[in-house]
Amino acid sequence: MSYEPSLTDFEIVPSDSIPSITLDNQRRFYIGKSARRLMNVKPYERLAIAYRSDTKELAIIRPTDALDPSIASQLATSQYSVDKRYYMSARYFAKNYGYDEEFAPYFFDYVAGRSDGTLFVFKLRD
């Protein structure tokens, strides 16, 4: 009898910690090591960020021609530059969405992403 395994029978085991993005008390996003590897983020890269307040989900977007052209103009106003230590300023985000630095840090854990590497979704940890 031959055995043909299927991955649907297995649970994928992460090799490292859950990829996450941290909003710290300095009102900066920090891209953790696992998240950097997952998203293949490099220093000085520009990313866009979208937020869904009802589910407290953060979308990290790598602007490319592969994205829906209807949101291209909106992405032009969302330019977050990744510095050499993998921080991005989040002052406006923190103020606009009520993330008080007094209660920081806030952790957003990876939920899902597109296989083409253009979109990664992170959800606020409970």
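How many helices and strands does the protein have? In this predicted model, the protein has three helices and eight strands.

**Figure 1. Overall view of the predicted model.** Read from the N terminus, the elements follow the order β-β-α-β-β-α-β-β-α-β-β. Along the principal axes, the C-alpha atoms occupy a box of roughly 65 × 35 × 30 Å. The protein comprises 126 residues, of which 37% count as buried.

**Figure 2. Close-up of the aromatic pair Tyr51 and Phe93.** The whole structure contains 11 aromatic pairs. In the one formed by Tyr51 and Phe93, the rings are edge-to-face, with 5.0 Å from centre to centre and 90° between the planes. This pair links distant parts of the chain, since Tyr51 belongs to strand 3 (residues 46-52) and Phe93 to helix 3 (residues 91-97), 42 residues apart. Tyr51 counts as buried because its relative accessibility is 16%, under the 20% limit. Phe93 is also buried, with a relative accessible area of 3%.

**Figure 3. Close-up of the aromatic pair Tyr51 and Tyr97.** These two rings are tilted, at 4.6 Å centre to centre and 55° between the planes. Tyr51 in strand 3 and Tyr97 in helix 3 are 46 residues apart. Tyr97 counts as partly exposed, at 36% relative accessibility.

**Figure 4. Close-up of the aromatic cluster.** Ring pairs join Phe29, Tyr51, Tyr80, Phe93, Tyr97, Tyr99, Tyr106 and Phe108 into a cluster.

**Figure 5. Close-up of Arg28 with Tyr87 and of Arg36 with Tyr86.** The charged end of Arg28 sits over the ring of Tyr87, 3.9 Å from the ring's centre. Arg36 lies over the face of Tyr86, at 4.0 Å from the ring centre.

Terms used
Residues are numbered from 1 along each chain as its sequence is written. This is a predicted model: local features need pLDDT of at least 70, side-chain atom pairs count only at pLDDT 80 or more; totals for chains, interfaces and linings use all residues. Side-chain values use heavy atoms; hydrogens and water are left out. Helices (H or I, at least four residues) and strands (E, at least two) are DSSP runs, numbered from the N terminus. Buried means under 20% relative accessible area, exposed over 50%, partly exposed in between (1.4 Å probe, protein chains only). Rings of Phe, Tyr and Trp (its six-membered ring) pair if their centres lie within 6.5 Å; planes under 30 degrees apart count as stacked, over 60 as edge-to-face and the rest as tilted. A charge sits over a ring if NZ of Lys or CZ of Arg is within 6 Å of the ring centre and within 35 degrees of the ring normal.
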